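User: Could you take a close look at one helix in this model for me? I'd like to know which way its residues face, what they pack against, and what lies around them.

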Amino acid sequence: MSKISIDTGRVITDAPKQLFRDDMPNALQHERQLQDNRVFGAYEQPPTFPGGTKALFSFIRANLKMPAKGKKAGISGRVFVAFTVEDTGEIKYINIVKGLGFGCDQEAVRLINSMPNWRPGTISGKPVRVRFNLPISFIFED
């Protein structure tokens, strides 16, 4: 059993795996934290698609295909996709947060997989892994 006590904002623990030592300056603690393989939700600069938001929308318009099942059923709506933009810009760990069915979920995953590497998010100027959510709209047109 490990003891944890909080004193002036610092955590001191007897746990076998200790990420930070109490005597490390805050900047070193932050640097050590960045070397960790965690995924961040908060960042200074968000991950961005090459060319920015307009380029992302253009990419989606040019590459998104309405699945035959979706056309037949007259489906319209959004698929919410979550994925991780790695510190290298690679996209990994794609999953559907909220789907539509009728082949739209699979098409959204195919689209995300076909994207080029993004510019990664940063904290203190260093690239970090960031979890990103993207809604993809499917619009039924006759």
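Analyst:
**A close look at helix H4**

Happily! In this predicted model, the buried residues of H4 are Cys104, Asp105, Glu107, Ala108, Leu111 and Ile112. Looking down the axis of H4, you will find these buried residues within an arc of 160°, so they line one face of the helix. The general pattern behind such a face is that an α-helix has 3.6 residues a turn, so residues three or four places apart point the same way. On the other side of H4, Gln106 and Asn113 are exposed.

What does the buried face of H4 pack against? Its partners are H2 together with three strands: S4 (77–85), S5 (91–98) and S7 (126–138).

Let's take the helix partner in more detail. Two packed helices are described by the angle between their axes and the distance between the axes. Here H2 (residues 53–63) and H4 (residues 104–113) pack at an angle of about 125°, and their axes are 11 Å apart. The two helices are therefore oblique to each other. The crossing of H2 past H4 is right-handed. On the H2 side, Phe59, Ile60 and Asn63 make the contact, while H4 contributes Glu107, Arg110 and Leu111. Sorted by class, this contact of H2 with H4 has 3 nonpolar, 1 polar and 2 charged residues. Two of the H4 contributors, Glu107 and Leu111, also appear among the buried residues of the helix.

Glu107 leads us to another neighbour, Pro67, which sits in the loop between H2 and helix H3 (68–73). Pro67 is buried, with a relative accessible area of 14%, a value that falls under the 20% cut-off. Setting aside neighbours within four places in sequence, Pro67 is in contact with Phe102, Gly103, Cys104, Glu107 and Phe138. Cys104 and Glu107 in that list are buried residues of H4. Pro67 and Gly101 are 34 residues apart in sequence, and the distance between their C-alpha atoms is 10.0 Å.

Phe102, one of the contacts of Pro67, deserves its own look. Phe102 lies in the loop between S5 and H4. Its phi is near 55°, a positive value in a residue other than glycine. In general, most residues other than glycine have a negative phi. At 42% relative accessibility, Phe102 counts as partly exposed.

Tyr93 in strand S5 also has a positive phi, of about 55°, although it is not a glycine. Tyr93 counts as exposed, at 52% relative accessibility. S5, the strand that holds Tyr93, is among the elements that the buried residues of H4 pack against.

Finally, here is the wider setting of the helix. The protein has 4 helices and 7 strands, which run β-β-α-β-α-α-β-β-α-β-β from the N terminus on. Of its 142 residues, 29% count as buried. Among contacts between residues at least 6 apart in sequence, 69% join residues at least 24 apart. Beyond S7, another partner of H4, Glu141 is in the segment after that strand. Glu141 is exposed, with a relative accessible area of 64%. Glu141 and Ile75 are 66 residues apart in sequence, and 9.4 Å apart in space from C-alpha to C-alpha.

Terms used:
Residues numbered from 1 in each chain as written. Predicted model: local features only at pLDDT ≥ 70, side-chain atom pairs only at ≥ 80, totals over all residues. Heavy atoms only, no water. Axes fitted to C-alpha atoms, helices over the stretch in contact; angles between N-to-C directions. Parallel < 35°, antiparallel > 145°, perpendicular 65-115°, else oblique. Left-handed = near helix turned anticlockwise from the far one by under 90°. Contact = heavy atoms within 4.5 Å. Nonpolar A, V, L, I, M, F, W, Y, C, P; charged D, E, K, R; others polar. Buried < 20%, exposed > 50% of the residue type's maximum accessible area, 1.4 Å probe, protein only. Arc of directions from axis to C-beta.
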